[in-house]
Amino acid sequence: MAAQRSTGAALVLLFGAAFLASLAAPSAFVQPAGTTTDVEVRMLRGAEPAAVATAFGALAAAVPEPAMAATEKELNTFGGFFAVFFLFFFVAGMGRLLTEGKL
């Protein structure tokens, strides 16, 4: 009986010490974006003014992209490949389900 009490007391002391150590250790969370003055850190966190994002968006929208038209033959080719690919995984999954024995 005394061994159970000492084990229980040791666990309580261990958890208490871990709790106190977690209070004394520095926090694992990142500081809020407004508390730092480092420009690189603010840029990585997305705290730069909206004008920078607007200018980047305008530049990205100004660049023309090539037309992405797919012919019916290309769509059928992709569909045939996708059907075989999907069928393989469906059969493999169904085989796994049926051989597991836990329906």
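# Notebook: helix α4 and its side chains

Entry 1. I began at the end of helix α4, where G101, just after the helix, takes a positive phi of about 80°. I note that the model is a predicted one.

Entry 2. I looked up the make-up of the protein chain next. I found four helices and zero strands. Read along the sequence, the pattern is α-α-α-α.

Entry 3. I then asked which elements have the lowest and the highest mean pLDDT. Helix α2, residues 39-44, has the lowest at 68, and α4 has the highest at 93. For the protein chain the mean pLDDT is 77, and 68% of the residues reach 70 or more. I spent the following entries on α4.

Entry 4. I checked the span of α4. The helix has 29 residues and reaches 42 Å from its first C-alpha to its last. That is close to the 42 Å expected at 1.5 Å a residue.

Entry 5. How many of the 29 residues of α4 are buried? The number is zero, so the helix lies largely in the open. I looked at the protein chain for the same property: buried residues make up 1% of its 103 residues. Its accessible surface comes to about 9,600 Å². Carbon and sulfur atoms account for 73% of that surface.

Entry 6. I searched for salt bridges and found one in the structure. The side chains of R96 and E100 meet in it, at 3.2 Å from N to O. Why are R96 and E100 separated by about one helical turn? They are four residues apart in helix α4, which covers residues 72-100. I wrote down the general rule beside this: an α-helix has 3.6 residues a turn, so residues three or four places apart point the same way.

Entry 7. Are the two partners buried or exposed? R96 has a relative accessible area of 58%, and because exposed means over 50%, R96 counts as exposed. E100, with a relative accessible area of 42%, is partly exposed.

Entry 8. I turned to the aromatic rings. The structure holds five aromatic pairs. One of them is F81 with F85, which is stacked, at 6.0 Å centre to centre and 25° between the planes. I counted along the sequence for this pair too: F81 and F85 both lie in helix α4, four residues apart, about one turn of the helix. F81 counts as exposed at 55% relative accessibility. F85 has a relative accessible area of 44% and is partly exposed.

Entry 9. Which kind of pair do F88 and F89 form, stacked or edge-to-face? Their pair is edge-to-face, with 5.2 Å centre to centre and 80° between the planes. F88, at 56% relative accessibility, counts as exposed. F89, at 48%, counts as partly exposed.

Entry 10. I asked which residues make up the aromatic cluster. F81, F85, F88 and F89 form one cluster.

Entry 11. I closed with a short list for review.

- Salt bridge: R96 with E100, at 3.2 Å.
- Stacked pair: F81 with F85, with 25° between the planes.
- Edge-to-face pair: F88 with F89, with 80° between the planes.
- Burial in α4: zero of its 29 residues.
- Just after α4: G101, with a positive phi of about 80°.

Definitions and conventions:
Residues are numbered from 1 along each chain as its sequence is written. Side-chain values use heavy atoms; hydrogens and water are left out. A salt bridge is a side-chain nitrogen of Lys or Arg within 4 Å of a carboxyl oxygen of Asp or Glu. Helices (H or I, at least four residues) and strands (E, at least two) are DSSP runs, numbered from the N terminus. Buried means under 20% relative accessible area, exposed over 50%, partly exposed in between (1.4 Å probe, protein chains only). Rings of Phe, Tyr and Trp (its six-membered ring) pair if their centres lie within 6.5 Å; planes under 30 degrees apart count as stacked, over 60 as edge-to-face and the rest as tilted. The expected span of a helix is 1.5 Å times one less than its number of residues. Accessible areas come from the Shrake-Rupley method with a 1.4 Å probe; for residues, only the protein chains shown count as cover. pLDDT is the predictor's confidence in each residue, from 0 to 100.
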